[in-house]
Each structure stands twice: as C-alpha cells, then as structure tokens.
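Work through the exercises below with the sequence and the coordinates at hand. Each task is followed by a solution in steps.

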Amino acid sequence: MFGALLLAITSVASVQADECIVGVIGKRVLLPCVYNGVKILTSFHITSEWRRGMEIIHTAVWIEGQVDNQNVSHSILTIVQSLAPKTGDFSMELHDIHLSDTHNYSFHLTPHGEKSSSLCTVCLTVAGHFSHPTLLRQNGVDGGETRLFCNSRGFPAPSISWLINHTQCPPETLVTTFIKVLPQSELYNVTSVLSINISADTAVTCVIENNLLNETLTATSIGVRSSTSVVRLSEHMWAFSAALCLVVFFLVVASLGLQKKWDRDRKGKQHRCGDYSSSEGTDMIVFDLEQWASLPETDV
C-alpha cells in the first residue's frame, strides 16, 4: 500500500529532470527532492538511496524518523539532512563538484519489506566561471592589417563575438578561435583572433558569453597604443633604467677610489713633515747640552 502511494507521486517528481540544475566547478550544489505524500514517514522503517546513474552514492536507514545507519560514496562528499523523514526534504548536497559529476541523479525510497520506488530524478550540469578576458592588440603599419587576441578560460566552450566601435560586427571569416584543455584542469583555454584593416584609433571589443551560467564578459581596446606596444615600451624603460644604474655605480666606485687615494697622499705628507720636525728639535737640544758642558765654571 505504501509503495503504491510512492508510485503515484513519482510521475510528478520526475518532471524535474526536464531542466538541469547548473553547478559550478569546485563549489557545492543542492539536488532537490521533497516528499509530498500523505503518509507519515516517521512511523515506518525505511531505506533511502541517492544514485548517480546506476551508482549508489548515498544510503540511509531510518527507523521511526531516526537515522540508524548511513553510507556515503568515497568519490564525492554528500549530505542529506538528518530530519528528512520529519520534514519530507530528502534533498542531497554535493560538495566540491567536478565535470565528472554531470549526470542524472535519482532518489529511491524503500519501505521495510516492500519494493523500492523512485521518488525524484534530477539532472545536474557542471560549468566553470570564465576569467576576465585579456585583449592584446597589434596595430598594422601604414594602414596594414591589425590583429587582436582575446583570451579567457572556463567551461564549457563560450560564445565569442567581436564589436567594432561598440556596434558593428566584423565578418566571421576574419575571426579564428582556438580551444585547448588546460593541463591538470577541467577548464578550456580559449583564444579568439581577429585580423582586420582598421585605423589605429578604432575601438574593438571582445565579448565572451557563458550561456550555462548566464555570464557575459567584455574587454575593449581603444586608441593607438595597444597592449603589445605598452609591453615593448616597458621593456625599453627597464633597459634604460638598468644602464643608468650601472653608470651611477661606476661613478660612485671611481669617486670612492679617488677619495681614498687623496686621503693616502695627504696622510703621507703629514707623516713626513712630522718626522722632520721631531728630528730637528732633538738635534737642537743635544747641541745646546754639549755647548753648556764646555763652558768654564765661574763663581757667582
């Protein structure tokens, strides 16, 4: 009897599978499942199961509304509220999800001694936020072809478009897009290249749209100076600063060397003058003593 009541609401609950829930890589997501039957679940001995396809990832045994035992999968962290039989909310929370968690999930409730019934079916799609696009510009020489590079990373592959002066769309034949899976990552590295003949002061915008997460990111290049030319200018400034530091260093070393040489010459002159004065003073004293000794004695 109880199993028949569960089957009666299965067709209503399974409608949820028509629209997928979107989760974000590395985040948590809630798969909803609520029992709206007339039976009081706390009066029964029941077993609940959440399955990913055919794989059982979370099992719980309930006796009169109390959790008797729980088993969870080692591949993913899952949580079901301990008060689920009382509230009717058997929603499951997945933590730190990955692209491999994109799947159909189903919730099954089994009364003691009866057949299992599928209560809910939930579709999960996993996506990844795209990084803010970087836009590099190589202006053509003398009205030549200008190339622009727009790069971002995320999942799934986005829709990329270009705008000239914020309104005009260039022909698709001028755009080339490269998509590569990042090593040790589930994200795509996307680079779109626009090659077009435009003036140096034309504004160009790269637009990246992630439809799954309803995100739109833009980057705009305006003016003669492109990101590439700014990088080159920075390199020249760095080289000039390094050369200037070397010149100042050598000037300081030369100044210190000259200062030390001047100090040594000055010290040497002072030392020679001091020795000469000392010996001259000593000779005079000796001469005076000898002359004093040769004088005849007189009575005063």
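Rings of Phe, Tyr and Trp (its six-membered ring) pair if their centres lie within 6.5 Å; planes under 30 degrees apart count as stacked, over 60 as edge-to-face and the rest as tilted. The model used throughout is a predicted one.

**Exercise 1. Aromatic pairs**

Task: Find which rings form a cluster, and classify the pair of W62 and F90.

Solution.
Step 1. Searching the whole structure gives 4 aromatic pairs.
Step 2. For W62 and F90, the centres are 6.1 Å apart and the planes make an angle of 85 degrees. An angle over 60 counts as edge-to-face, and the pair of W62 and F90 is accordingly assigned to that class.
Step 3. Place the two residues in the chain. W62 belongs to strand 4, while F90 sits in the loop between helix 2 (84–87) and strand 7; they are 28 residues apart, and the pair links distant parts of the chain.
Step 4. Check the burial of each partner. W62 has 0% relative accessibility and therefore counts as buried. F90 is also buried, with a relative accessible area of 0%.
Step 5. Follow the ring pairs from residue to residue: they link W50, W62, F90 and F107 into a cluster.

**Exercise 2. The nonpolar cores**

Task: Describe the largest nonpolar core, and state which strand gives the most to this core.

Solution.
Step 1. The largest nonpolar core has 27 residues, and those touching the most other members are L31, W50, F90, M92, L94, Y105 and F107.
Step 2. At least two residues of this core come from each of strand 2 (29–31), strand 3 (45–52), strand 4 (55–63), strand 7 (92–95), strand 8 (103–111) and strand 9 (117–127). Strand 9 gives the most, with 5 residues.
Step 3. Take F107 as an example. Leaving out residues up to four places away in sequence, F107 touches C33, S48, E49, W50, F90, S117, S118, L119 and C120.
Step 4. Another core, of 14 residues, lies apart from the largest one; F130, L194, V204 and A219 are among its members.
Step 5. As background, nonpolar side chains in soluble globular proteins tend to be buried together.

**Exercise 3. The disulfides**

Task: List the disulfides, give the handedness of each, and derive the pairing of the bonded cysteines in sequence order.

Solution.
Step 1. The structure holds 3 disulfides.
Step 2. C20 and C123 are joined with their sulfur atoms 1.8 Å apart. The torsion about this S-S bond is about 65 degrees, so the disulfide is right-handed. C20 is in the loop between helix 1 (2–13) and strand 1 (21–24) and C123 in strand 9, so the bond ties together parts that are 103 residues apart in sequence. C20 is partly exposed at 37% relative accessible area, whereas C123 is buried at 9%.
Step 3. C33 is joined to C120, with an S to S distance of 2.0 Å. Here the torsion is about 80 degrees, so this disulfide is right-handed. C33 lies in the loop between strand 2 and strand 3 and C120 in strand 9, 87 residues apart. Both C33 and C120 are buried.
Step 4. C150 and C206 have their sulfur atoms 2.0 Å apart. The torsion about their S-S bond is about -80 degrees, so this disulfide is left-handed. The bond runs between strand 11 (residues 146–154), which holds C150, and strand 15 (residues 204–210), which holds C206, and so ties together parts that are 56 residues apart in sequence. C150 and C206 are both buried.
Step 5. Numbered in sequence order, the bonded cysteines of the chain pair as 1-4, 2-3, 5-6.

**Exercise 4. The surroundings of S192**

Task: Decide whether S192 is buried or exposed, and find which side chain makes a polar contact with the side chain of S192.

Solution.
Step 1. S192 is located in strand 14 (residues 188–196).
Step 2. The relative accessibility of S192 is 0%, so S192 counts as buried.
Step 3. The side chains of S192 and W162 are joined by a polar contact of 3.0 Å.
Step 4. Residues up to four places away in sequence aside, S192 touches L148, F149, C150, I160, W162, V175, T176 and T177. Among these is C150, the disulfide partner of C206.

**Exercise 5. The chain as a whole**

Task: Summarise the secondary structure, burial and contacts of the chain.

Solution.
Step 1. The chain contains 3 helices and 16 strands.
Step 2. Of its 300 residues, 31% count as buried.
Step 3. Among contacts with a separation of 6 or more, 59% are between residues 24 or more positions apart.
Step 4. The accessible surface of the chain is about 19300 Å², with 59% of it belonging to carbon and sulfur atoms.

Technical notes: Residues are numbered from 1 along each chain as its sequence is written. This is a predicted model: local features need pLDDT of at least 70, side-chain atom pairs count only at pLDDT 80 or more; totals for chains, interfaces and linings use all residues. Side-chain values use heavy atoms; hydrogens and water are left out. A nonpolar core is a set of buried Ala, Val, Leu, Ile, Met, Phe, Trp, Tyr and Cys residues joined through side-chain atoms within 4.5 Å. Buried means under 20% relative accessible area, exposed over 50%, partly exposed in between (1.4 Å probe, protein chains only). Helices (H or I, at least four residues) and strands (E, at least two) are DSSP runs, numbered from the N terminus. Contact means heavy atoms within 4.5 Å. A polar contact is a pair of N or O atoms within 3.5 Å; within protein, one must be able to donate a hydrogen and the other to accept it, and residues adjacent in sequence count only if both atoms are side-chain atoms. Accessible areas come from the Shrake-Rupley method with a 1.4 Å probe; for residues, only the protein chains shown count as cover. A disulfide is a pair of cysteine sulfur atoms within 2.5 Å.
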